[in-house]
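Dear colleague,

I am handing over the structure below, and after it you will find my notes on what was found. Please read them with the model open beside you.

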Amino acid sequence: MRPDRRRLDGYLRHVNEEMQTAKLASEVWLRSAPGHVVAENDRFVRSLLRGALARGDPAPDHLGPLLDDPAALREHYWQRVTRAKPMAVRFGAADHDALDDYFTVSTERSTSAAMARARDTIAADSPAGPLLRSIDRLTASGTSPAESCRQVLHLLSTHWRDLVTQCRGAEGGHPEDVRPEVGVVLAAFHEALATGRLGRRPPQPVADTPPAAEPTDTHRPDADARHPDAGTRDTDTDASLAEAEVRDLARLCMLGRLCFSDEELRLAQRLARRPRLQYALLATHLRLVAESSATAARLVADWGTTRVLLPFTEAYVNRTGYRSPVIDLSPNPKLVTVLCHNVLPAVAGELLRRPADEDALDAGVLTSGVEAAIRRGVFSTTVGLFHGTASPDTVLLSGFSRRVCPAATPFARHCLRWLPFYFDRWPGVSPRPDRPRACPAYPAC
């Protein structure tokens with residue numbers, strides 16, 4: 001990649017070490033870059049990932065004799081993690097004392113559990129109430145709750161500006177002087193959905209390019225010193241709510257990613273304890289780090305800073321930090337938990353569809369499971385664009401933005417190639433494959 005310092009400076013201005021792993025940064029800090037900056041940063045990160053996450057040639061294998069001894073492979077992985085664990089914890093990993101603790105699948109992430117929490121915690125007069133009723137309306141027509149959430153948020157994102165304008169007019173006065181309440185806007189949205197004035201659109205596939213532009217992202221009015229692009233703020237999309245109400249909306253947005261059933265998660269829990277599958281997950285992760293090391297060194301040399309490696313912290317961290325010129329990469333064990341939460345339930349779903357139990361797991365089911373995880377949208381989410389104000393309790397919502405993990409395509413490609421390969425490579429299984437299987441979802445890989 002030809003270095004473009006302006007693009008890197010723009011990325012670093014709006015993304016710091018803490019916000020890097022906070023997927024809902026605007027909901028945590030009530031601050032977000034403008035929409036065009038978010039889109040530009042996404043394109044920049046994708047261009048980095050596309051070139052830096054190795055495609056994975058069949059040989060040589062960087063793990064060598066470790067592959068013949070699962071216990072040695074686990075010990076090697078844990079030693080690599082332990083020496084850099086403070087940095088991994090800083091970037092989202094749990095501070096566990098044993099490797100087994102990272103192989104976890106929580107039944108609290110099921111669709112039914114998430115819906116039950118929403119119903120228990122969201123009051124009828126909360127701004128999130130009309131949004132929950134909109135999701136329920138689509139679900140009643142036969143759509144799954146997670147898919148209903150994705151469709152509702154897509155429609156809301158598309159029509160947000162018009163809805164805010166409509167509600168401003170209903171309030172009376174000059175539009176620039178009136179910010180409608182979020183609850184009023186969402187109630188208007190629910191009414192429009194119920195009366196058929198809003199169309200439905202099928203879900204968008206995960207792609208290696210940014211999704212279509214959505215409503216303009218803005219940020220807090222008093223953030224000009226931190227965000228030079230503050231002058232692009234578009235107040236026409238603002239609606240107000242209390243800071244205490246932000247969490248309800250944030251939880252509802254997450255429903256789109258919590259797409260697995262209780263049965264799928266229970267089976268995924270059993271899969272996560274199987275030594276052969278753990279071996280495949282660890283080997284796949286170690287290979288990703290090993291194959292990325294040379295590229296990471298080239299990136300740092302080209303760009304002149306280790307901070308260019310910040311987009312990769314989900315997979316690996318630089319043990320010496322991102323202010324040091326020294327490159328010493330270690331796997332971030334958070335990735336193991338991410339795979340257990342988001343890919344293993346999809347694998348379990350493929351077993352249940354056959355139907356079969358965990359003893360029927362093979363390389364083909366693993367491949368189908370990774371492909372199913374992509375289809376089911378585990379790599380994408382929709383976030384609210386919240387912004388703080390001078391008032392200690394008032395927050396502005398300027399719209400919603402669908403975010404697709406920039407690493408979705410290269411990382412899924414890596415998993416499709418190597419998870420089945422190392423599952424078959426488990427010592428004692430005969431015959432061992434000499435090369436990975438083809439990746440049907442990514443035939444060019």
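I begin with a pair of helices: H5 passes H13 in a left-handed crossing, where left-handed means that the near helix is turned anticlockwise from the far one by less than a right angle, and right-handed would be clockwise. The model is a predicted one, in which local features need pLDDT of at least 70 and side-chain atom pairs count only at pLDDT 80 or more, while totals for chains, interfaces and linings use all residues. Residues are numbered from 1 along each chain as its sequence is written, and side-chain values use heavy atoms, with hydrogens and water left out. Helices (H or I, at least four residues) and strands (E, at least two) are DSSP runs, numbered from the N terminus.

The axes of H5 (residues 70-83) and H13 (residues 275-303) come within 10 Å and cross at roughly 50 degrees; axes here are lines fitted to C-alpha atoms, for helices over the stretch in contact, and angles run from 0 to 180 degrees between N-to-C directions. That angle makes H5 oblique to H13, given that angles under 35 degrees count as roughly parallel, over 145 as roughly antiparallel, 65 to 115 as roughly perpendicular and the rest as oblique. On the H5 side, Pro-70, Leu-73, Arg-74, His-76, Tyr-77 and Arg-80 take part, and they meet Gln-278, Tyr-279, Leu-282, Ala-283, His-285, Leu-286 and Val-289 of H13, a contact being heavy atoms within 4.5 Å. The residues of this contact divide into eight nonpolar, three polar and two charged, where Ala, Val, Leu, Ile, Met, Phe, Trp, Tyr, Cys and Pro count as nonpolar, Asp, Glu, Lys and Arg as charged, and the others, Gly among them, as polar.

A second helix pair is H8 (residues 128-140) with H11, which pack at an angle of about 15 degrees with their axes 9 Å apart. This makes H8 roughly parallel to H11, and the crossing of H8 and H11 is left-handed. The contact is formed by Ala-128, Leu-131, Leu-132 and Ile-135 from H8 together with Asp-248, Leu-249 and Leu-252 from H11, and its residues divide into six nonpolar, no polar and one charged.

Turning to the strands, an open sheet of three has the order S1-S5-S4, with antiparallel pairing, where two strands pair if DSSP finds at least two bridges between them. Its edge strands are S1 (239-242) and S4 (380-388), each of which pairs on one side only, and neighbouring strands of the sheet are turned by 50 degrees against each other on average, direction ignored. Helix H11 (residues 246-254) packs on the sheet and touches S1, S4 and S5, its direction making about 165 degrees with that of S4.

Eight bridges join S4 to S5 (residues 394-404), and a hairpin links S4 to S5 through five residues. Within this pairing, His-387 stands opposite Leu-396, Phe-386 has Leu-397 as its bridge partner, and Val-383 is matched with Ser-401. S1 and S5 pair in the antiparallel sense over four bridges, with Leu-241 opposite Val-395 of S5.

How many of the residues of S4 are buried? Nine of its nine residues are, buried meaning under 20% relative accessible area, exposed over 50% and partly exposed in between (1.4 Å probe, protein chains only). Ser-380, Thr-382, Gly-384, Phe-386 and Gly-388 point one way from S4, whereas Thr-381, Val-383, Leu-385 and His-387 point the other way. In S5, nine of the eleven residues are buried, so that strand is largely enclosed by the rest of the structure.

One single residue may also be of use to you: Leu-366 lies in helix H16 (residues 363-375) and is buried, with a relative accessible area of 1%. Leaving aside residues up to four places away in sequence, Leu-366 touches Leu-277, Val-347, Leu-361, Leu-419, Pro-420 and Phe-423.

For the chain as a whole, there are 17 helices and five strands, and buried residues make up 55% of the 445 residues. Among contacts between residues at least 6 apart in sequence, 74% join residues at least 24 apart.

With kind regards
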